[in-house]
Amino acid sequence: MNKRYYLIYDLEKCIGCHNCMLACKDEFVDNEWPGYTLPQPRHGHKWINIQRIERGQYPHIDVKYLARLCLHCNNAPCVEAAGGAIYKRQDGIVIIDPQKAKGREDLIKTCPYGMIWWNQEREIPQKCTFCAHLIDQGWGKTRCVQACPTGALRLEHASEAEIERMKKDEKLEVLDPEHNTSPGVYYKNLYLYNKCFISGSVAIEKEGKTECAGGARVLLLHNQARIDEVLTDCFGDFRFDGLPANSGLYIIEIYFDGLLKKSVEVDLKTSLNVGTIFL
Amino acid sequence: MTFKDMQFRTTLYGLEKLIRQKAKRYPSYARHLAEKNIVAQIKLKDNSSGRYYIFENGKVTSRKGVHPCPDICMAFEDTDIAARIMKPNRNQLDFINAGKNMQITLQGPDDLVMWFFETLNQLFTLGMEYGTDMGNGVKRYTSNTNGGPVFVYVKDGKIIRITPIEFDEKDATPWSIKARGINFTPPRKTTVTPYALAWKSMVYSPDRLLYPMKRVDFDPNGNRNPQNRGISGYERISWDEALDIVASEIKRVKREYGPGAIMNGSGSHHTWGNLGYWLSSRLRFFNSIGFTPVESNPDSWEGWYWGAVHHWGHTMRLGGAETYSTVEDLLKNCEMVVFWSSDPEATSGVYGAHEGTIRRQWLKELGIKMVHIDPYYNHTAAWLGGKWLAPKPGTDSAMALAIAYVWITENLYDHNYVATRTVGFEKWRDYILGKEDGIPKTPEWQEKETGVPAKDVRALAREWGQRKTYLAAGGIIGFGGACRTATGTQWARAMVCLMAMQGLGKPGVNMGCLQQGTPVNTKFYFPGYAEGGLSGDLEGTAMAANLYQRMPQLPTINTVYQRVPRLKIPEAILEGRCTGYPKNPKTIEGQFFKYAYPAPGYPKVRMYYKYGGSHFGTMVDTNRYTRAYRSEELEFVVNQSIWFEGEARFADIILPACTSFERWDIGEFANCGGYINHSYTQCNHRVVVLQHKCIEPLGESKSDYQIFLELAKRLGLAIPYSEGMTELDWCKRMFDASDLPKYISWKQFLKKGYFVVPNPPEELRDPVAYRWYAEDRPKDTPEISPLPADYTEEYGRGLQTQSGKIEFECSSLKRFDPDDPERPVICKYIPAWEGPHTTELYKKYPLQLISPHPRYSFHTMGDGKDSFINEIEDHRVLIDGHYYWVIRINPEDAAARGIKNKDLVKVFNDRGEVICAAQVTGRVRPGTVHAYESSALYEPVGEPGNSADRGGCINLLTPSRMIIEKSHGMAANSCLVEITKWEGGEVA
């Protein structure tokens with residue numbers, strides 16, 4: 001069975017150290033890998049780019065990262081448009097031919113993910129090669145994967161069936177599936193990037209003091225349906241995550257000591273900290 | 001003729017043959033021989049036996065007897081001494097003893113003597129193989145950095161790749177810990193920090209200093225123009241000219257004023273390696289010429305050293321905690337971790353790369369509860385999750401007192417522990433309850449100070465009081481940005497007091513966050529850099545403890561008793577006087593000895609020899625330093641630096657040093673020794689690295705060791721400085737001094753480049769920190785501090801304090817100054833001297849700026865230099881062709897000032913102005929702004945010292961007031977500023 005290379009990136013495991021981007025620069029800046037790519041310019045290119053994502057408002061916020069790189073798509077629009085200047089190898093790696101692609105600035109626009117970079121000095125388009133020159137020497141991993149301290153990035157050499165299983169078991173997703181390019185890079189916990197949360201704190205008055213209402217039951221309702229339910233933690237905090245942005249009105253119901261104490265309506269545009277709700 | 005006489009003659013005869021043979025075989029050696037035409041005599045002192053060697057145009061011949069006028073002469077007392085010295089792998093102690101006892105004398109110019117030593121020493125090192133052949137002309141070497149050990153791939157004399165080290169099948173197997181049904185084992189590799197991966201770009205940086213330089217308008221024999229330091233340009237000069245100027249200035253200054261007029265200091269960190277570190281070659285050289293040292297403040301420990309020490313001792317850790325085996329204890333027993341001013345994902349345990357990160361993933365796996373207390377939603381909080389509480393900077397100790405209040409009033413502390421393992425609790429309890437000042441330190445009271453809701457603090461206190469909790473105070477214990485606020489001593493003191501109430505040392509109750517305390521082998525000896533390397537310095541390094549006995553070396557002693565506190569260099573220069581308090585790790589009272597500059601009978605500083613990283617981005621109120629440089633009081637400034645940045649641009653003469661990739665060295669992953677004893681327990685594996693000379697030094701740059709040697713040659717000190725040895729010879733000596741030879745031969749180690757120390761069996765792992773203390777047993781953790789005299793009862797019983805217990809009421813402070821309003825005998829909350837309580841200033845500058853240690857760079861390494869690090873947008877932001885330092889501001893504060901993300905802004909107060917790029921973020925609370933310290937660049941837009949900086953030296957803004965008056969400590973995180981949008985034009 002034909003196996004190909006896939007890169008899997010877990011947003012939950014990424015600490016944002018940027019080791020991947022730095023390892024990429026270490027490997028490609030000032031180094032030419034004949035047949036694979038010319039050197040990466042010292043400035044400007046980020047073949048793997050780490051984007052910081054911040055959701056929510058002080059003090060309920062969330063900071064995660066998203067790795068963006070060439071997705072080595074199966075239906076790669078760049079390959080289609082390049083007339084042989086960009087090709088897909090048997091093992092799934094998409095390579096820009098440094099000779100044939102000379103002068104082809106037009107190819108930059110073919111990538112719907114914006115992951116082809118223009119090298120002004122050499123007049124060539126460039127991008128992530130999945131470290132094909134190392135893979136072909138038997139390295140077994142890319143530089144970014146090797147430098148990642150937490151395993152947030154991993155390279156898989158897998159058959160169609162194996163990757164399908166991983167997708168199912170680990171709930172892997174592709175980035176912006178509307179592009180229909182059948183990418184070879186999969187994301188885990190992508191909701192941290194493309195979904196929203198509603199959070200808040202619940203407090204009560206007790207013997208003249210404000211106390212955190214731990215253990216309160218908090219329900220989330222949307223379109224008259226109950227869609228989620230959580231208990232507040234010892235700080236009275238609750239959070240519902242994985243909600244689509246701009247998805248309209250939600251009702252938060254708070255039950256304490258078995259009784260419905262408060263109901264709050266919110267219009268969800270982006271991640272939202274509703275603040276402290278006093279019962 | 002005796003047998004020994006014959007042996008001596010034969011050796012001398014054979015020497016010529018050996019030199020010829022090696023020259024034939026090794027072209028590099030032949031080239032070396034061709035460098036000098038000299039006559040070198042070796043003889044007995046009584047002239048009864050000898051042979052002289054004639055080196056001429058690369059050829060060597062020799063004749064029996066005594067030459068009438070040799071260029072150099074090595075004379076032995078007798079054949080017995082000669083036999084011991086003239087052999088391969090001689091015992092260096094024999095050589096040192098013979099030299100000190102005048103049983104061997106050397107005559108002739110230093111450079112020729114050194115050359116002859118190199119000629120002899122190379123006979124035994126030529127042809128040694130090192131590195132691993134990877135095919136295609138690529139060789140893989142090993143090196144070590146502040147951010148982890150690395151493989152270095154070299155082709156055609158150029159570094160092509162730097163990677164973490166992945167172990168091979170022969171390397172030792174890792175430890176594993178079984179906890180709560182899961183087996184935890186670290187992967188068989190080393191991790192690296194971002195700045196370690198940026199090294200290639202720093203080695204080949206356009207900012208590298210490639211040849212010696214002289215300021216164009218500096219004339220040592222005429223007009224020196226000190227006022228133009230930092231303004232006028234530089235011209236290339238030869239090494240000879242540069243070294244001659246520096247050597248003659250050293251002589252002149254000593255002649256005119258005495259050695260006390262020479263000042264030298266270092267940045268807090270240097271490139272890695274036990275020989276090249278600032279505590280090694282540098283000290284050996286300066287001790288040999290005599291100098292006024294710059295005394296460093298405990299810059300990452302401040303509050304711990306000036307505060308916490310008085311409660312629990314640990315002076316040798318500058319107030320930090322024991323950490324042994326806390327990884328296993330935490331994984332097995334702990335229910336909650338409180339990270340307080342603790343961001344190990346940013347600070348990496350100083351040198352621990354991402355070793356702790358791997359283990360903190362296990363925290364998540366086990367579902368252990370986490371709380372993060374920090375004005376900034378730091379990287380550890382962002383990754384691990386949990387509750388975030390954001391006190392206003394400098395108010396943490398108010399929150400701590402309120403936590404104690406809840407424990408006391410709700411009976412949530414360990415009464416028995418407090419009764420038996422501590423003293424003075426009642427006095428503190430009464431203060432907290434308000435019996436002393438009428439103010440109960442309730443959660444509501446703290447809310448007014450910290451801005452953190454009382455309910456949240458009450459909830460935290462209850463949770464903490466009922467769960468086995470680890471307190472991570474700082475990224476490693478004894479650090480944390482909170483300890484560098486005006487209330488830093490109180491915070492660190494409060495951390496100790498809180499843990500004393502919860503039974504420090506009981507299962508699951510301890511200090512840490514898995515950053516320190518892995519079950520690696522602490523019995524295997526390899527020195528850390530703070531053990532002084534080749535410094536010979538028994539006072540200024542930790543050499544006396546172990547290394548001096550294992551690697552005997554010529555001791556070096558500075559005869560100058562004068563010193564200058566680092567934070568007061570500008571006052572010393574500009575005002576001619578200052579005072580300081582010492583950083584003395586020996587004993588608690590060491591820090592009480594106030595000293596003055598100038599010291600009695602000593603001259604003021606006239607020459608400043610600066611070495612290593614710049615102070616502009618790392619000390620406080622640093623426009624002061626710029627102004628000091630431009631003073632006439634400083635007659636001569638020399639800077640020894642790798643890059644043309646920061647303070648290097650203020651020197652008269654610049655000496656270009658090479659990086660650690662261009663010279664030999666030896667060092668262990670994260671082993672600093674000294675103040676962080678057994679610091680390698682933050683690594684998953686102990687990895688000792690032979691730091692290969694991977695490439696030749698760039699341009700004309702030289703290693704620090706070599707630069708000092710060249711100067712030593714001009715001062716008649718070459719042999720005492722070097723002991724006749726090259727850097728590789730010293731590496732071998734350090735190898736021999738360690739436990740490495742029990743496991744690996746020099747030949748194998750030199751070739752492979754690293755060694756993974758095998759772990760002890762489970763039953764021989766170190767006991768858990770403080771368990772002995774909690775259970776009132778003799779100390780069983782593997783550290784030799786405190787010193788024997790500091791135990792009150794029996795040796796090994798109790799802590800370093802007078803009572804031998806944790807003291808809520810500090811006996812040392814009662815003795816020293818019981819009425820000190822800044823440092824009372826019990827831990828109190830005293831509002832910061834710069835902050836919301838300083839009403840007038842707060843009105844003018846309503847934003848509290850914190851500037852913790854940076855995440856992506858380390859000290860000034862990694863930043864600037866056109867390094868890859870600058871491409872990280874959370875580090876610097878590229879705007880109009882310039883990489884600006886980042887300042888983080890809450891959306892509310894930003895909106896009020898019309899500031900948007902990536903706008904250029906001016907951050908300012910009465911002390912200075914810095915142009916930064918704004919990052920608008922909910923990671924800081926309204927009223928607080930955050931920018932890292934440690935910019936490598938200082939780029940004043942106008943007159944240096946009196947204009948805005950767009951390099952990013954946030955420390956232009958921070959206060960120079962001492963954290964408490966009776967200290968030498970900085971409080972950079974108590975700093976009020978205002979921010980306005982920078983509209984351009986203001987800055988040309």
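**Entry 1: a helix on a sheet**

Which strands of chain B does α5(B) lie across? I looked this up first, keeping in mind that the model is predicted. I found α5(B) lying across β1 (38–44), β2, β4 (72–76) and β5 of chain B. Against β4(B), the helix runs at about 65°.

Next I turned to the sheet under that helix. It is an open sheet of five strands, and I noted the order as β3-β2-β1-β4-β5 in chain B. Its pairing is mixed. A reminder to myself: strands of a sheet pair through backbone hydrogen bonds, either parallel or antiparallel.

Which strands stand at the edges? They are β3 (59–64) and β5 (104–107) of chain B, and each has a single partner strand, so one side of each is left without a neighbour in the sheet. From one strand to the next, I noted an average twist of 15°.

I then picked one pair to follow by eye. Strand β2 (residues 50–56) of chain B is joined to β3(B) by six bridges, and the two run antiparallel. Along this pair I found Tyr53(B) opposite Ser62(B) in β3(B).

**Entry 2: two helices meeting**

I went back to α5(B), which covers residues 110–125. Its axis and that of α24 (residues 704–713) of chain B come within 8 Å. They cross at roughly 130°. That angle makes α5(B) oblique to α24(B).

Which residues make the contact? From α5(B) I listed Asp110(B), Asp111(B) and Met114(B). From α24(B) come Leu709(B), Ala712(B) and Lys713(B). Sorted by class, the contact has three nonpolar, three charged and no polar residues.

**Entry 3: the second largest pocket**

The helix α5(B) turned up again when I looked at the second largest pocket, since the largest share of its lining, seven residues, comes from α5(B). The pocket has a volume of about 1,500 Å³, and 46 residues line it. Nearest its centre I marked Gln122(B), Trp664(B), Lys693(B), Glu696(B) and Thr726(B).

Several elements of chain B supply at least two lining residues each, including α2 (27–33), β7 (138–145), β8 (148–155) and α26 (727–737). My old friend α24 is one of these suppliers too. By class, I wrote down 18 charged, 16 nonpolar and twelve polar residues for the lining.

**Entry 4: closed spaces**

How many cavities of 30 Å³ or more are there? The count comes to 15. I opened the largest cavity, which holds about 190 Å³ of space. Its lining has 19 residues, and nearest the centre are Gly612(B), Gly613(B), Ser641(B), Ile642(B) and Trp643(B).

Strand β26 (residues 636–641) of chain B gives the most to this lining, with three residues. The class split here is eleven polar, five nonpolar and three charged.

**Entry 5: a sheet in chain A**

Last, I moved to chain A. There I found an open sheet of four strands with the order β13-β12-β15-β16, and its pairing is antiparallel. At the edges stand β13 (225–231) and β16 (259–268) of chain A; each has a single partner strand, so one side of each is left without a neighbour in the sheet. The twist here averages 20° from one strand to the next.

Between the edges I traced β12 (residues 217–222) and β15 (residues 248–256) of chain A, which pair in the antiparallel sense over six bridges. One spot to click on is Leu221(A), which stands opposite Ile251(A) in β15(A).

Conventions. Residues are numbered from 1 along each chain as its sequence is written. Chains are lettered from A and ligands numbered from 1 in the order in which they are written. This is a predicted model: local features need pLDDT of at least 70, side-chain atom pairs count only at pLDDT 80 or more; totals for chains, interfaces and linings use all residues. Side-chain values use heavy atoms; hydrogens and water are left out. Axes are lines fitted to C-alpha atoms, for helices over the stretch in contact, and angles run from 0 to 180 degrees between N-to-C directions. Angles under 35 degrees count as roughly parallel, over 145 as roughly antiparallel, 65 to 115 as roughly perpendicular and the rest as oblique. Contact means heavy atoms within 4.5 Å. Ala, Val, Leu, Ile, Met, Phe, Trp, Tyr, Cys and Pro count as nonpolar, Asp, Glu, Lys and Arg as charged, and the others, Gly among them, as polar. Two strands pair if DSSP finds at least two bridges between them. On a 1 Å grid over the protein atoms alone, a cavity is a set of points where a 1.4 Å probe fits but cannot get out, and a pocket is an open set with protein on both sides within 12 Å along at least five of seven lines; lining residues have an atom within 4 Å of a point. Grid points are joined across faces, edges and corners, and a volume is the space filled by probe spheres set on the points.
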